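Here is a report on one protein structure. It goes through sheets, helix packing, buried residues and backbone geometry in turn.

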Amino acid sequence: MKTEYKRLKGSQSFRQRLLLATLSSTPIIIDDIRADETWPGLHNHEISLLRLFETVSDDCHVQINETGTKLKYKPGIIMGGTQYRPHDCGVSRSIAYFLEPLILLGLFAKKPLTITLKGITNDSKDPSVDTFKSTVLPMLKRFGVPAEGLSLKIESRGVPPNGGGEVILSLPVVQSLSAVNWTDEGFVKKIRGITFSTKVSAQFENSMIRAARGIFNPLLSDVHIFTDHRSGPQAGNSPGYGISLVAETTTGCLISADTAISHARHEETAGLEDDSKEGLMPPEDVGRGIANILLGEIAQGGVVDSTHQGLLFLLCALCPQDFSKIRVGKLSQHGIETLRNIRDFLNLKFVIKPDPEKQSVLLKGMGYGMKNLSRKVS
């Protein structure tokens, strides 16, 4: 029997296309991947993501043409299990780029997944592994994922350009997710956070904390930011530092913001007076800046921050054939692209209703009815 392939074009939404193709067992062909660009074809992190999908799947077929501008992908069975060989994520994107699709694959695998990922743990492009641990894992629990067997352990830190970080992800398997009615943001009751530093003075962390607390303390008394100074092998291969902040509301919503500073991101500090010996952005500016970004995310409203809208929509879409109702702030570009991909692969549409009173957006949609057929109902 001839395999029918869904034909797509371009490099946009590569991660989600791959994920939704796998979960819906849809073979795909993607043409014209950066065909007209200076560096045509798939990038290193995209090839690494394909290899990761191959690692956790059985009978998965990947064909890439010589120029890397055409991909033929036939999904296999998601096996999961304990992977004894670490997966190298490279240094062009951080580990969090790989974690988001990996958790959704792992939940519907045949066996609980445990895997080690190596690469960049903190940068300014993707969410940090700290934010993933403090925000995404609790979000999964809201959709019925059991806490037992769900963990992310940060073995070592790694920042650009040379990485050197390592994390261990453990995921349970579920028979299905649970639909949610999640529209009450509540009020912020506390701020939690963590700073890190690698191959620079631990004082950088204290400076970031002081600056962030200077923003929050007039507004809120319950503010705790922890430190994580790493040295030796646990500090990875490059100097850097950063901060991850999470605001928790009275209804259990978690709103996050983070950043990391390293030599590879030095161009972002152009024009700033640089008073540090390492040539990195002053930590006071980092702490103050990320605190203000978090306040902006809180002001936007919604049960998640703008970074996690896409993941929230995917979780709702993968629920049983039952309605989920959620509230978000202004729809992000990534959120809009996610809704389009859900429509294209799962044939699902959300009803989107602006709520002018709360200056937010309500979404209601029925799940795809995703079930893990390898799990028996107890």
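## The four-stranded sheet

An open sheet is built from four strands in the order β14-β13-β15-β16, with mixed pairing. Strands here are DSSP runs of E with at least two residues, helices are runs of H or I with at least four, and both are numbered from the N terminus. Two strands pair if DSSP finds at least two bridges between them. The edges are β14 (223-230) and β16 (254-262), each of which pairs on one side only. From one strand to the next, the twist averages 10°.

This is a predicted model: local features need pLDDT of at least 70, side-chain atom pairs count only at pLDDT 80 or more, and totals for chains, interfaces and linings use all residues. Residues are numbered from 1 along each chain as its sequence is written, and side-chain values use heavy atoms, with hydrogens and water left out.

Strands β13 (residues 188-198) and β15 (residues 240-249) run antiparallel and are joined by ten bridges. Within β15, serine 244 stands opposite isoleucine 194.

## Helices across the sheet

Two helices lie over β13, β15 and β16. Helix α4 (residues 129-142) crosses these three strands and runs at about 165° to β16. Helix α6 (residues 283-300) lies across β13, β15 and β16 as well, at about 155° to β16. Axes are lines fitted to C-alpha atoms, for helices over the stretch in contact, and angles run from 0 to 180 degrees between N-to-C directions.

## The β1-β2 pair

Strand β1 (residues 6-9) runs parallel to β2, and four bridges join them. Lysine 6 has isoleucine 28 of β2 as its bridge partner. Is β2 buried or exposed on its faces? Both faces of β2 (residues 28-31) are covered: Ile28 and Ile30 are buried on one side, Ile29 and Asp31 on the other. Buried means under 20% relative accessible area, exposed means over 50%, and partly exposed lies in between (1.4 Å probe, protein chains only).

## Helix α1 against α3

Helix α1 (residues 14-23) packs on α3 at an angle of about 15°, with the axes 10 Å apart. The two helices are therefore roughly parallel. Angles under 35 degrees count as roughly parallel, over 145 as roughly antiparallel, 65 to 115 as roughly perpendicular, and the rest as oblique. The crossing of α1 and α3 is right-handed; that is, the near helix is turned clockwise from the far one by less than a right angle, while anticlockwise would be left-handed.

From α1, Phe14, Arg15, Leu19, Thr22 and Leu23 meet Ala96, Tyr97, Glu100, Pro101, Leu104 and Leu105 of α3. By class, this contact of α1 with α3 has eight nonpolar, one polar and two charged residues. Ala, Val, Leu, Ile, Met, Phe, Trp, Tyr, Cys and Pro count as nonpolar, Asp, Glu, Lys and Arg as charged, and the others, Gly among them, as polar.

Leucine 105 sits in helix α3. Why is leucine 105 counted as buried? Its relative accessibility is 0%. Beyond neighbours within four places in sequence, leucine 105 is in contact (heavy atoms within 4.5 Å) with Leu19, Thr22, Leu23, Phe53, Val56 and Ile78. Its C-alpha atom is separated by 9.5 Å from that of leucine 20, 85 residues apart along the chain.

## Helix α7 against α8

Helix α7 (residues 309-317) and helix α8 (residues 333-346) cross at roughly 25°, and their axes come within 8 Å. These helices are therefore roughly parallel to each other. The crossing of α7 and α8 is right-handed.

Gln309, Gly310, Phe313, Leu314 and Ala317 of α7 meet His334, Gly335, Thr338, Leu339, Ile342 and Leu346 of α8. The contact residues divide into six nonpolar, five polar and no charged.

## Two buried loop serines

Serine 94 is in the loop between β8 (87-88) and α3 (95-107). It counts as buried, at 0% relative accessibility. Outside four places in sequence, serine 94 is in contact with Ile120, Asp123, Asp126 and Pro127.

Serine 238 lies in the loop between β14 and β15. At 1% relative accessibility, serine 238 is buried. Not counting residues up to four places away, serine 238 touches Val159, Pro160, Pro161, Asn162, Gly163, Thr198 and Lys199. The C-alpha atoms of serine 238 and proline 160 are separated by 6.5 Å, with their positions 78 residues apart along the chain.

## Backbone exceptions

The peptide bond from proline 160 to proline 161 is cis, with omega near 5°. Proline 161 belongs to the loop between β10 (151-156) and β11 (165-171).

Arginine 34 is not a glycine, yet has a positive phi of about 50°. This residue lies in the loop between β2 and α2 (44-56). Arginine 34 is buried, with a relative accessible area of 12%. Aspartate 59, also not a glycine, has a positive phi of about 65°. Its place is the loop between β3 (57-58) and β4 (61-64). Aspartate 59 is exposed, with a relative accessible area of 54%.
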